[in-house]
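Me: I'm new to this one, so could you walk me through it with some questions and answers? Show me the structure and we'll start from there.

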Amino acid sequence: SAVTTAAQRATNVAQGKELERSAAQLDAEKQARMTSEARLAGAMRDLAAVAAVREESRGMVITLSGSVLFASGQASLLETAKTRLTQVAEALKAQPSDRTMVVEGHTDSQGTDATNQPLSFDRASAVREYLISQGVEASRITAVGLGSGRPLLDNRNPENRANNRRVEIIVRP
């Protein structure tokens, strides 16, 4: 009858409007995702210019030379380090929100464990605090000091020791 037809027409119009709203919402979400992915890609390109970046089983590893970040035996950031770390922060902020990060401090084998262990932690903490000051969420990033326990190379010469003095930021998958 005419009443049933009118009711069906009204239902169809309402469903059509709901579909349009859903399509618009999906389109907005797609645009946001594409913008986020483009931001991440740009941040990662910028990051590659200031740090070594590699994928490992433990996640994306960003390596910064200790000599670029700190004076020998010190844990306060050099001014030049802040420029690099600002770019690192941009790349970290562009990471998906479910990713967590660990800042690892490493030393060479010069000096004692009693000196190197706290120094490596203090350096990792200084990097973590700077990244937080640049907008990286504190709850997503931790700091650990690993002392001289995980060298990249043997510590037999100054060049290898310089490579072992580093900060690594691991972005966990």
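Me: Which residue in β5 is the bridge partner of serine 65?
Reply: This is a predicted model, so keep that in mind as we go. β2 and β5 run antiparallel and are joined by six bridges. One pairing involves serine 65, and its bridge partner in β5 is arginine 166.

Me: What is the order of the strands in the open sheet?
Reply: There are five strands in the sheet, and their pairing is mixed. From one strand to the next, the twist averages 20 degrees. Reading across, the order is β1-β2-β5-β3-β4.

Me: Which strands stand at the edges of the sheet?
Reply: Look for strands with a single partner strand, because one side of each is then left without a neighbour in the sheet. That description fits β1 and β4.

Me: In what sense do β1 and β2 pair, and which residue in β2 is the bridge partner of valine 53?
Reply: β1 covers residues 52–56, and it pairs with β2 in the antiparallel sense over five bridges. A hairpin through two residues joins β1 to β2. As for valine 53, its bridge partner in β2 is isoleucine 62.

Me: Which strands does α4 touch where it packs on the sheet?
Reply: The direction of α4 makes about 160 degrees with that of β4. The strands that α4 touches are β3, β4 and β5.

Me: Is arginine 128 buried or exposed?
Reply: Arginine 128 is found in helix α4. Leaving out residues up to four places away in sequence, arginine 128 touches Val103, Ala138, Ile141, Thr142 and Ala143. Its relative accessibility is 18%, and the cut-off for that label is under 20%, so arginine 128 counts as buried.

Me: At what angle do α3 and α4 pack?
Reply: On the α3 side, Lys82, Leu85, Thr86, Val88, Ala89 and Leu92 meet Val127, Tyr130 and Leu131 of α4. By class, that contact has seven nonpolar, one polar and one charged residues. The crossing is right-handed. The axes lie 9 Å apart, and the angle is about 65 degrees.

Me: Which element gives the most to the largest nonpolar core?
Reply: As a general point, nonpolar side chains in soluble globular proteins tend to be buried together. Here the largest nonpolar core has 30 residues, and Leu69, Leu77, Leu85, Leu92, Val127, Leu131 and Ile169 touch the most other members. Elements that each supply at least two residues include α1 (2–48), β2 (59–65) and α4 (113–133). The top contributor, with six residues, is α3.

Me: Which residues does leucine 85 touch, leaving out those up to four places away in sequence?
Reply: Leucine 85 is among the core members that touch the most others. It also sits on the α3 side of the contact with α4. With the sequence neighbours left out, leucine 85 touches Leu64, Leu69, Leu77, Val127, Tyr130 and Leu131.

Me: How far apart in space are leucine 77 and asparagine 163, C-alpha to C-alpha?
Reply: Leucine 77 has its place in the loop between α2 (66–69) and α3, and at 16% relative accessibility it counts as buried. Beyond four places in sequence, leucine 77 is in contact with Leu69, Phe70, Lys82, Leu85, Ala126, Val127 and Tyr130. Asparagine 163 is 86 residues from leucine 77 in sequence, and the C-alpha to C-alpha distance is 18 Å.

Key:
Residues numbered from 1 in each chain as written. Predicted model: local features only at pLDDT ≥ 70, side-chain atom pairs only at ≥ 80, totals over all residues. Heavy atoms only, no water. Core = buried A, V, L, I, M, F, W, Y, C linked by side-chain atoms within 4.5 Å. Buried < 20%, exposed > 50% of the residue type's maximum accessible area, 1.4 Å probe, protein only. Helix = DSSP H or I, 4+ residues; strand = E, 2+ residues; numbered from the N terminus. Contact = heavy atoms within 4.5 Å. Pairing = 2+ DSSP bridges. Axes fitted to C-alpha atoms, helices over the stretch in contact; angles between N-to-C directions. Left-handed = near helix turned anticlockwise from the far one by under 90°. Nonpolar A, V, L, I, M, F, W, Y, C, P; charged D, E, K, R; others polar.
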